[in-house]
Amino acid sequence: MKKLLIYPAIDSTRLARIQEVSDQLTVYNISELPEALTEIKDADAFFGKITPELLAAAESLQWIQSPTASLEHYVFPELVDHPCQLTNMRGLFYDVIADHVMGFVICFARNLHRYIRQQTESNWQPIGGQAGKPNFVTGPGQVSEVDRSHQHLSDCTLGVVGAGSIGAEICRRAAAFGMKVCAVDPIATEVPGVVEEVWNVDRLNDLLTISDFVVIAAPHTPQTEKLFRTAQFQQMKSSSYLINIGRGAIVDLQDLTAALQNGEIAGAGLDVFEIEPLPAEHPLWQMENVIITPHIAAASTRVPERHLETFLENLRCFLANKPFLTLVDKQNWF
């Protein structure tokens with residue numbers, strides 16, 4: 001028999017699904033810390049929020065399942081040094097976050113963020129101005145300022161920083177729009193059928209130089225913290241846009257604000273921030289070339305069911321002594 005401790009306690013519906021996995025599993029669904037400290041002593045597996053206090057009380061722990069994909073708030077030195085294996089919840093959000101990214105891309109390419117503002121003012125005004133706009137007499141025989149103010153996606157390059165499950169799906173979505181796609185990642189070497197060669201992260205500057213849209217889809221790790229500072233924004237095209245749906249800590253907020261104010265980049269679509277919530281007085285709120293969403297890119301009715309299925313599959317792997325679905329490198333948080 002294997003013993004699984006769940007703390008804090010979960011709802012009865014999910015608990016029943018977990019208990020159905022095996023008759024060789026005993027599940028303790030605990031609400032109070034004192035009881036959890038007692039039951040973790042001989043537990044083989046743990047699901048929930050592990051703490052140094054709980055880990056110190058464990059004598060048989062072999063596996064911990066984090067309830068989240070991100071681990072910067074979860075991992076601590078004692079956990080890194082502990083012989084137990086750690087799994088997380090990565091791979092749940094690939095399609096919905098990719099949809100959110102393409103929403104940002106289309107808004108910027110077609111100026112939808114500006115037209116929505118004009119709509120509230122009943123303002124019928126093409127971005128680029130009325131002068132030179134094609135009419136029924138001349139037709140679209142010449143390129144106008146309106147044309148130049150609206151991007152054709154198949155003429156654009158989208159660069160993805162982090163080609164994991166989310167980044168790879170962003171690459172696929174962008175390619176479906178006819179965009180040229182490139183990516184950097186420390187592990188992935190390709191996105192099959194889309195990116196023949198994913199560059200190593202030492203080629204980040206190459207990606208920044210050629211991309212019209214730079215998408216951060218990387219996790220927060222010791223290597224990615226403040227990866228984007230003034231030097232990176234200055235490497236980007238002045239006409240390019242930054243999109244961050246990865247982690248706020250990857251982008252220095254002060255440097256990003258300065259880059260936007262100084263016109264070093266054209267705009268930004270931001271779902272995550274170094275400071276959350278973004279303070280009401282922050283200048284980003286008032287910038288017309290910035291689209292802000294409140295850390296909701298992963299919102300989907302599909303995610304909770306995937307969350308449970310990921311845990312159940314890892315649990316089956318644990319009981320069968322097979323490789324985990326989402327094993328984590330504890331040292332590097334991914």
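In this predicted model, K330 is a buried lysine without a salt bridge. The nearest side chain of opposite charge belongs to D81, and it lies 7.7 Å away. That distance can be set against the 4 Å cut-off used for a salt bridge. What does the side chain of K330 reach instead? Its partner is a backbone atom, the oxygen of C84, at 2.8 Å. In the chain, K330 belongs to the segment that follows helix 12, which spans residues 303–320. Once neighbours within four places in sequence are set aside, the contacts of K330 are V75, L79, V80, H82, P83, C84 and L86. C84 thus appears twice in the surroundings of this lysine, as a contact and as the residue whose backbone oxygen is reached by the side chain.

A second buried element is strand 6, made up of residues 157–161. Five of its five residues are buried, so the strand is largely enclosed by the rest of the structure. In a regular strand, side chains alternate between the two faces of the sheet. Which residues of strand 6 cover each face? On one side are T157, G159 and V161, on the other L158 and V160, and all of them are buried.

The pairing of strand 6 can be followed through two partners. With strand 7 (residues 180–184), strand 6 runs parallel and is joined by five bridges. Within this pair, L158 stands opposite V181 of strand 7. To get from strand 6 to strand 7 the chain passes through helix 8 (residues 165–176), and the resulting β-α-β crossover is right-handed. The other partner, strand 8 (residues 213–216), also pairs with strand 6 in the parallel sense, here over four bridges. In this case V160 of strand 6 faces V215, a residue of strand 8.

Some details of the backbone are worth a look as well. The peptide bond leading from Y7 to P8 is cis, its omega being near -5°. P8 sits in the loop that links strand 1 (2–7) with helix 1 (12–19). Another cis peptide bond runs from E276 to P277, with omega near -5°. Here the proline, P277, is placed in the loop between strand 10 (267–270) and strand 11 (290–292).

Positive phi values in residues other than glycine are found at N111, where phi is near 60°, and at H295, where phi is near 55°. N111 lies in the loop between helix 5 (94–110) and helix 6 (112–120), while H295 belongs to the loop between strand 11 and helix 12. Are these residues buried or partly exposed? N111 has a relative accessibility of 4% and therefore counts as buried. H295, at 39%, counts as partly exposed.

Stepping back to the whole protein, the model contains 12 helices and 11 strands. Along the principal axes, the C-alpha atoms fill a box of roughly 80 × 40 × 35 Å. Of its 334 residues, 48% count as buried; K330 and N111 are among the buried residues. Among contacts between residues at least 6 apart in sequence, 59% join residues that are at least 24 apart.

Technical notes
Residues are numbered from 1 along each chain as its sequence is written. This is a predicted model: local features need pLDDT of at least 70, side-chain atom pairs count only at pLDDT 80 or more; totals for chains, interfaces and linings use all residues. Side-chain values use heavy atoms; hydrogens and water are left out. Helices (H or I, at least four residues) and strands (E, at least two) are DSSP runs, numbered from the N terminus. Buried means under 20% relative accessible area, exposed over 50%, partly exposed in between (1.4 Å probe, protein chains only). Lys and Arg count as positive and Asp and Glu as negative; His and the chain ends are not counted. A polar contact is a pair of N or O atoms within 3.5 Å; within protein, one must be able to donate a hydrogen and the other to accept it, and residues adjacent in sequence count only if both atoms are side-chain atoms. Contact means heavy atoms within 4.5 Å. Two strands pair if DSSP finds at least two bridges between them. A crossover is right-handed if, with the strands pointing away from the viewer, the path from the first strand over the helix to the second runs clockwise.
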